[in-house]
Amino acid sequence: MEPGNLTGVSEFLLLGFSEGPELQPFIFGLFLSMYLITVFGNLLLILAVSSDSHLHTPMYFFLANLSFVDICFTSTTVPKMLINIQTQSKVITYEGCLSQMYFFILFAGLDIFLLTVMAYDRFVAICHPLHYLVIMNPRVCGLLVLVPWIMSILNSLLESVMVLRLSFCTVLEIPHFFCELNQMIQLACSDTFLSNMVMYFAAVLLGGVPFAGILYSYSKIVSSIRGISSAQGKYKAFSTCASHLSVVSLFYCTVLGVYFSSAAPQSSNSSAVASVMYTVVTPMLNPFIYSLRNRDIKRTLMRFSRMSALKWPTILG
């Protein structure tokens, strides 16, 4: 392959999952369904939290922010893939690829930070219940959302600038369904040492450190729960963080699975399939995990359904 000038790069090809045209309608229907469920489920969760005054607490404030980020996270990759399948095209422009990569890194980072903030919130609620409202006041809650946004934006800008420095070869096929940072670096013909170092450093700093914070928070939570004498008290304390623990486990296990599978000597297509778990499936399941395991959310959603059932006859009449 002959090295190409950076200014000459106009487009990339997203190879997606399958070359077979007979599977494209099935893939289109599957991902369209998952995307609609993700958007509808997370919007419903945001509506429930914003409309019910009983849910105006730090825990649900962070949950609503996580739902918003999950919608944005999925929307950076799935719509473009659906358009490409529908138009039978694999092309994404150079600018579009960089934009997709920028927003993907941004919202992935926000997901990780918000999961860490929610773990801290549960730590304060269970380990320091008498000081919870003082510690988690509105100003602190606002900062715990604002700071992750600032850090994620700066990290995403840095990663994007590193890619802008690279020169690419004439064959620009990305064996993925979106412009993933690691795949972009592997396509480059110029020296990628600095880009790789920045990518690995950011992964350790913005992925490993929050994960360590989550583990520390839950080690303290488990220690506090073990000190509760009554079985009912233990169950009540654990139930307040069970949903979040499920989401954290699902997200981190799928992310680790993707990167272990991409490091193994397998087909590059397997990495794209594995990436579906944390880019599409996890954001889709989050609203169900929180609503099915949370009585307050279920009560609010049941009230919505009753109100809708009462309004429809009036509207139709």
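In this predicted model, Gln 88 is found in the loop that links helix H3, residues 78-87, to strand E2. The phi angle of Gln 88 is near 55 degrees, a positive value in a residue other than glycine. With a relative accessibility of 77%, Gln 88 counts as exposed, because that value lies over the 50% cut-off.

From this loop the chain leads into E2, which belongs to an open sheet of three strands, arranged in the order E2-E1-E3 with mixed pairing. Strand E2 (91-93) and strand E3 (173-174) are the edge strands, each of them pairing on one side only. Strand E1, made up of residues 11-14, pairs with E3 in the parallel sense over two bridges, and Leu 14 has Ile 174 as its bridge partner in E3. In general, the strands of a sheet pair through backbone hydrogen bonds, either parallel or antiparallel.

Helix H4 lies across E1, E2 and E3, and runs at about 80 degrees to E2. Gln 100 sits in this helix, which spans residues 94-127. Is Gln 100 buried or exposed? Its relative accessible area is 6%, and Gln 100 is therefore buried, the cut-off being under 20%. A polar atom of the Gln 100 side chain lies 2.9 Å from the backbone oxygen of Thr 76. If residues up to four places away in sequence are set aside, Gln 100 touches Thr 76, Thr 77, Lys 80, Ile 92, Phe 178 and Cys 179.

On the other side of the account stands His 176, which is placed in the loop between E3 and helix H7 (181-187). This residue also counts as buried, because its relative accessibility is 1%. Leaving out residues up to four places away in sequence, His 176 touches Leu 14, Leu 15 and Gly 16, together with Gln 183, Ser 271, Ala 272 and Ser 275. Leu 14, one of these contacts, is the residue whose bridge partner in E3 is Ile 174.

A further layer comes from the record: an unreviewed UniProt entry carries the annotation "transmembrane region" for residues 26-48, 60-82, 102-120, 140-158, 197-216, 237-260 and 272-292. Two of these spans can be set beside the computed geometry. Over residues 102-120 the chain is 100% helix and 0% strand, with the end C-alpha atoms 27 Å apart. Residues 140-158 are likewise 100% helix and 0% strand, and the end C-alpha atoms of that span lie 27 Å apart.

Methods
Residues numbered from 1 in each chain as written. Predicted model: local features only at pLDDT ≥ 70, side-chain atom pairs only at ≥ 80, totals over all residues. Heavy atoms only, no water. Helix = DSSP H or I, 4+ residues; strand = E, 2+ residues; numbered from the N terminus. Buried < 20%, exposed > 50% of the residue type's maximum accessible area, 1.4 Å probe, protein only. Polar contact = N/O pair within 3.5 Å; in protein donor to acceptor, adjacent residues only side chain to side chain. Contact = heavy atoms within 4.5 Å. Pairing = 2+ DSSP bridges. Axes fitted to C-alpha atoms, helices over the stretch in contact; angles between N-to-C directions. UniProt positions renumbered as here; feature names shortened; annotations may be inferred.
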